[in-house]
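Please open the model in your viewer and keep the sequence panel beside it. The tour below moves from one selection to the next and says what is found at each stop.

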Amino acid sequence: MSSQLTQIQPLSQPVDIGDEVATFSPEVEEEIDAHLAKYPVRRSAILPLMFIVQRERGYLDPPGVAYLANRLGLRYTDIWEVATFYSMINTSPVGKYHIQVCRTLSCKIRGAQKVTEHCSHKLGIKPGETTADGRFTLSEVECLGSCGTAPMFQINFDYHEELTPEKIDQILSSLP
Amino acid sequence: MFIGAIGCEPLQLARMHVENSRSIDVYRKHGGYEALKKVLETMSPEDVINEVKKSALRGRGGAGFPTGMKWSFVPKDSPKPKYVVCNADESEPGTFKDRYLMERDPHLLIEGMLIAAYALSSKLSFIYTRGEYRYLIDIMNRALAEARAAGFVGDRILNSNFSCEIHTHTGAGAYICGEETALLSSLEGMRGHPRMKPPFPAVSGLYASPTVVNNVETLTAVPDIIKMGGEPYQKLGTEKSGGTKLWSVSGHVNRPGVYELPMGYDDMEKFIMEDCQGIPDGKQLKAVIPGGSSVYIMRADQIIGKDVRMDYEGLVTAGSSVGSGGFIVMDETVDVFESTKNLTEFYKHESCGWCTPCREGTDWLVKVFKRIANGAGRPEDAQLMLDLCDNIEGKSFCPLGDAASWPIQSAIKRFPEDFKKHLAPPEI
């Protein structure tokens, strides 16, 4: 989504999809079928299915792309084109716990920077990095709709609001 | 955080503090699904559209387009299927009302969608929820299962000839998908790029079929409009801004929250200082962004002693707009240069990249902001930023470009001192 002309960079990383196609358990296949059944057009299920692949495989990896292409009757590039548009679709591995600190205005003026710094200091990583053990990834993200309970972060899909340093310590240490 | 109504009886927030308000039994005990019954038993689709027209309900997502009129644009004679899509992609910085509506009163949204679907003869509806709101999708799915089991969703609803299925759908982190045509692209499984209008979605929307896209707050207003009638609903507000409006209040106030106010609430100063209990730590009010990050920022002296009426017309007169009702309050410690830089970074990140003015313009603006923040500001930079905004505003493919320009234009105009101090030539 960032600019492509002013920052000279490849449009997206070339990826060798390879021959491997992801496989899933019958339960997951059933879940996927249920999503496909909702839409008059199969392609509409692409985002829900990407989240499932991501949940099962950690991120949308090349075998996952191949699986989705087969399942949806699309080309690899169709899958890749959509995957690279959306910030919640991870095309590279992320930590087990993805800490996403809201950085937008309402959180900013209520101390978002301190939340990021506290996490950064505690985990020894900068925003955009993952701990060596693969446990935590720290990101700064745009408005998550918790402006009245700022500052906040989301860990994977869980909201944690009205954060203080003590509360952050407690949340991070209580993660399994 | 406060959730409640001021200056009126709570309508949309009526069940926010009721125990177990998510369950269908509690919803029905509080008059839930009565509006749907009334519609199916006594009203034609045209009747419903007429009531909504009379209510002067305007789209609560930000654009403020009259809802009844939007519905009436759907061609009745089209042989194609028709779709109702709920826009729950709430991503406008400062806005969080839809979240609480869905979290605490999911059946109100379902009932509103069913009534809309009846009015538009739609058999299939989707709730497009932003990906980060996964827990709300779970809540909506549970509520939909309850509604299906009770015969409110599915085939021949309440033994009428009306059938309608509602499904949830997830976004995946893209602000642009709150723009209705981008939302439809995304729902079709594409990148979330906006589409050319016309044709408007009412004529050619989802799968090139007639489609109405409405915000959560808009749709959740519908059951009350049906129950009380369009005119009484309108009279809660003003002539052109009917009913009540939810304001998401954040930033430097003692009591942030979701406030339901009658349209035309008098006045903004009282709202901030009394209802929201003023500014913390005895600080002075400096600025307010009243309608989500995309609207003009207001100076305190445009508010204090100015009797700013809180509705569509009142806020335009006062020099801003209602937008999504994302009401961000800033005290004297805020540097408006910094706050505007923060929002510009947001727009740069969220520009979808489809059209050049927005993609390149927002990127360039962030570069200028960063250079100034690094101490290399030049006196002519304010004009440079205004020129850049001028090349985005009205020249980009969708309103995101305008939304990126307005905060900067209004901030430079209304807080020149905050910019000047960063733009002075370095002392030697």
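Begin by colouring chain A and chain B separately, since between them the two chains bury about 4,400 Å², 57% of it on carbon and sulfur atoms; buried area here is the accessible area (1.4 Å probe) that two parts lose on being put together, summed over both. This is a predicted model, in which local features need pLDDT of at least 70 and side-chain atom pairs count only at pLDDT 80 or more, while totals for chains, interfaces and linings use all residues, and side-chain values use heavy atoms, with hydrogens and water left out. Residues are numbered from 1 along each chain as its sequence is written, and chains are lettered from A and ligands numbered from 1 in the order in which they are written.

Stay with the contact between the chains, which takes 65 residues from chain B and 43 residues from chain A, where contact means heavy atoms within 4.5 Å. The count of salt bridges between the two chains is 3, a salt bridge being a side-chain nitrogen of Lys or Arg within 4 Å of a carboxyl oxygen of Asp or Glu. Select A:Arg103 and B:Glu345 to see a salt bridge between their side chains, at 2.6 Å from N to O.

Next, show chain A alone as a cartoon, where 7 helices and 4 strands can be followed; helices (H or I, at least four residues) and strands (E, at least two) are DSSP runs, numbered from the N terminus. The 4 strands form an open sheet in the order β2-β1-β3-β4, with mixed pairing, and two strands count as paired if DSSP finds at least two bridges between them. At the edges stand β2 (136–141) and β4 (158–160) of chain A, each with a single partner strand, so one side of each is left without a neighbour in the sheet. Strand β1 (residues 97–102) of chain A runs parallel to β2(A), joined to it by 6 bridges, and selecting A:Val101 leads across to its bridge partner A:Glu140 in β2(A).

Now select A:Met50, which touches A:Leu60, A:Leu68, A:Ile79, A:Val82, A:Ala83 and A:Ile89, not counting residues up to four places away in sequence. In the largest nonpolar core, of 84 residues, A:Met50 is among those that touch the most other members, together with residues including B:Ile176 and B:Met385. Such a core is a set of buried Ala, Val, Leu, Ile, Met, Phe, Trp, Tyr and Cys residues joined through side-chain atoms within 4.5 Å, and buried means under 20% relative accessible area, exposed over 50%, partly exposed in between (1.4 Å probe, protein chains only).

Turn then to chain B and pick strand β2 (residues 83–88), where 6 of its 6 residues are buried. Its two faces are both covered, with B:Tyr83, B:Val85 and B:Asn87 on one side and B:Val84, B:Cys86 and B:Ala88 on the other. Strand β3 (residues 124–129) of chain B runs parallel to β2(B) over 6 bridges, and β2(B) also pairs in the parallel sense with strand β5 (residues 211–215) of chain B, over 5 bridges. To place these pairings, select B:Ala88 with its partner B:Thr129 in β3(B), then B:Val85 with B:Val213, which stands opposite in β5(B).

As a last stop, is B:Gly61 buried, partly exposed or exposed? B:Gly61 is partly exposed, with a relative accessible area of 47%, and lies in the loop between α3 (45–54) and α4 (67–72) of chain B. Leaving aside neighbours within four places in sequence, B:Gly61 is in contact with B:Asn215, B:Thr218, B:Gly323 and B:Ser324.
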